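Please open the structure in your viewer and keep the sequence alongside, so that each selection can be followed by residue number. The tour moves from one selection to the next and says what is to be found at each stop.

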Amino acid sequence: DGTAEAANDQRALPNRKQRFERLIPQRLPLRQQPALESKSKRFWLIRMNLRKTLSEQIPGDGTMDTDTGLPSDESVPSPSQPQLFQENGAASAQSGQNTGEDSAQTPAPSALLRSAPENAYEEPGLPLVASDGEKLYFQPYPSQKNGGSLMVWDGTALSSTGISHADSLIAVNGGYSYTIENKLYHGSSLVRDFSDEALLGTHAFSLRVFGSDSSYFYLYANAADSVSGEVSPYAILRVSLDGQAEQLLFGADGLSTGGRISQAILAENTVYYSLSAGNSGIYALDSAGGQPRQLSSMSVSGSFCYWNGELIFTDTGTNLCAMQSESGSNRQLVEGGVLSPPVVRGGTVYYSAKSPNAATGAIYAYDLAGGESRRLLEEQGTAGGFCQLLPASDGLFLVNASGDVFHYHIQTGILTEIT
């Protein structure tokens with residue numbers, strides 16, 4: 001029956017038995033196992049369990065470079081791989097979505113919850129900017145020094161990425177993502193080329209990336225041939241980090257619904273966006289898709305930020321405002337004279353406004369808890385005043401009207417020019 005032969009084999013090979021038992025601690029010792037039909041079957045079972053144990057103990061190779069946060073070449077889809085598009089409404093998770101252990105290697109959400117504007121340069125002469133709180137990514141205006149080239153400031157040195165002519169840019173922890181001519185990139189890797197897709201039916205479109213989470217990049221598309229003030233089609237969509245799965249979250253047909261998205265932000269599993277034409281106002285859309293709800297018919301001047309359940313922005317009347325992201329109720333923080341879109345850092349809103357002691361303006365800090373503003377920095381000696389602000393780990397990144405970029409250290413008050 002093979003029992004005696006198996007026992008003899010155990011006595012002859014005690015070291016092999018001990019090694020198997022160490023590698024397979026969940027199995028009972030061999031002498032406590034029920035008798036098997038043959039010695040060959042016993043060792044076949046041991047080999048199968050050993051193979052399973054080793055495969056669980058040796059991690060597989062990921063598709064993300066953990067040192068840089070950038071996808072490797074293996075994560076870039078080949079033309080022969082499937083390209084999925086959800087035509088109508090939201091759908092459940094599709095093939096290609098990163099889940100489980102893989103999500104630990106995906107880009108983390110942006111540290112700065114600041115909306116991404118439609119125009120690459122919010123105003124002529126200003127750079128395209130993004131920050132994760134540690135690094136500053138910016139692309140100078142074409143007519144400026146290094147114009148058209150995407151630059152990185154890591155706190156000590158300024159370097160070029162070798163990338164140029166991006167038309168939207170976001171910072172994610174450990175890297176950056178951007179679009180160029182309807183192609184989405186993360187770092188130096190192409191995620192997906194949307195050029196030949198009919199995102200807006202027969203309309204040509206311009207695509208912008210505005211957010212990311214552990215599984216998706218979020219983008220919006222405006223009609224490229226729309227006329228100012230008309231109701232135009234637009235789309236909000238997301239694509240998996242490997243570029244394989246694409247899902248339409250909402251599409252406006254340009255008839256009963258439509259407009260032009262001026263900016264958008266992803267926060268707390270919700271997409272907040274503003275329309276500057278058509279059905280203008282501020283809207284909220286679940287990040288899994290559905291029907292958007294209008295929070296307000298107000299118009300927003302420049303980018304807005306999200307903090308603790310509120311959207312912080314400057315309205316067209318140069319007032320600093322805060323709007324509840326659920327109810328849409330609005331409160332005024334500062335009345336008039338605000339010169340820049342705000343940025344929020346640790347419960348404090350930073351903004352540029354007119355100052356009685358400066359020819360151009362000053363940087364102020366508004367405490368959301370206390371409800372008071374204090375002046376931080378006079379803008380004398382900086383051409384045109386500061387018109388863009390972003391958070392740094394120890395202060396702020398500031399951009400003036402000439403496109404020059406500065407770092408301001410809040411504790412020491414030292415202002416350092418980067419460009």
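What follows is a walk through strands, one serine, the cysteines and the salt bridges of a predicted model.

**First stop: strand β15 and its neighbours**

Select residues 270-278, which make up strand β15; 7 of its 9 residues are buried, so the strand is largely enclosed by the rest of the structure. Add residues 259-267, strand β14, and you will see two antiparallel strands joined by 7 bridges. Within this pair, Gly259 of β14 stands opposite Gly278 in β15. The two strands form a hairpin with 2 residues between them, and Glu268 in that turn has a positive phi of about 50 degrees.

Now extend the selection to residues 281-286, strand β16, which pairs with β15 in the antiparallel sense over 6 bridges. Here Tyr272 stands opposite Ala284 in β16, and a hairpin joins β15 to β16 through 2 residues.

**Second stop: an open sheet**

Which strands form the open sheet, and in what order? Four strands take part, in the order β2-β3-β4-β5, with antiparallel pairing. The edge strands to select are β2 (128-131) and β5 (158-164), each of which pairs on one side only. Neighbouring strands of this sheet are turned by 20 degrees against each other on average, direction ignored. Inside the sheet, select residues 136-139 and 149-153, strands β3 and β4, which run antiparallel and are joined by 3 bridges; Tyr137 stands opposite Val152 in β4.

**Third stop: Ser168**

Select Ser168, which is found in strand β6 (residues 168-172), and display its side chain. At 2% relative accessibility, Ser168 counts as buried, because the cut-off for that class is under 20%. The Ser168 side chain makes a polar contact with the side chain of Thr179 at 2.4 Å, and it reaches the backbone nitrogen of Val209 at 3.1 Å. Leaving aside residues up to four places away in sequence, Ser168 touches Leu128, Ser177, Tyr178, Thr179, Arg208 and Val209.

**Fourth stop: cysteines**

Select Cys305 and then Cys387: Cys305 is buried at 1% relative accessibility, and Cys387 is buried as well, with a relative accessible area of 13%. How many disulfides does a search of the whole structure find? The search finds 0.

**Fifth stop: salt bridges**

The count of salt bridges comes to 6. Begin with Arg192 and Glu246, whose side chains meet in a salt bridge at 2.7 Å, N to O. This pair links distant parts of the chain, with Arg192 in strand β9 (residues 189-193) and Glu246 in strand β13 (residues 246-252), 54 residues apart. Both Arg192 and Glu246 are buried.

Next select Arg293 and Glu326, which form a salt bridge whose closest N and O atoms are 3.5 Å apart. Arg293 lies in strand β17 (residues 293-296) and Glu326 in the loop between β20 (320-324) and β21 (330-334), so the pair ties together parts that are 33 residues apart in sequence. Arg293 is partly exposed at 33% relative accessibility, whereas Glu326 is exposed, with a relative accessible area of 60%.

Then turn to Arg331 and Glu310, another salt bridge, with the closest N and O atoms 2.9 Å apart. Arg331 sits in strand β21 and Glu310 in strand β19 (residues 310-315), 21 residues apart. Arg331 counts as partly exposed at 34% relative accessibility, while Glu310 is buried at 8%. To finish, select Arg192, Glu197 and Glu246 together, since salt bridges that share partners join these residues into one network.

Methods. Residues are numbered from 1 along each chain as its sequence is written. This is a predicted model: local features need pLDDT of at least 70, side-chain atom pairs count only at pLDDT 80 or more; totals for chains, interfaces and linings use all residues. Side-chain values use heavy atoms; hydrogens and water are left out. Buried means under 20% relative accessible area, exposed over 50%, partly exposed in between (1.4 Å probe, protein chains only). Two strands pair if DSSP finds at least two bridges between them. Axes are lines fitted to C-alpha atoms, for helices over the stretch in contact, and angles run from 0 to 180 degrees between N-to-C directions. A polar contact is a pair of N or O atoms within 3.5 Å; within protein, one must be able to donate a hydrogen and the other to accept it, and residues adjacent in sequence count only if both atoms are side-chain atoms. Contact means heavy atoms within 4.5 Å. A disulfide is a pair of cysteine sulfur atoms within 2.5 Å. A salt bridge is a side-chain nitrogen of Lys or Arg within 4 Å of a carboxyl oxygen of Asp or Glu.
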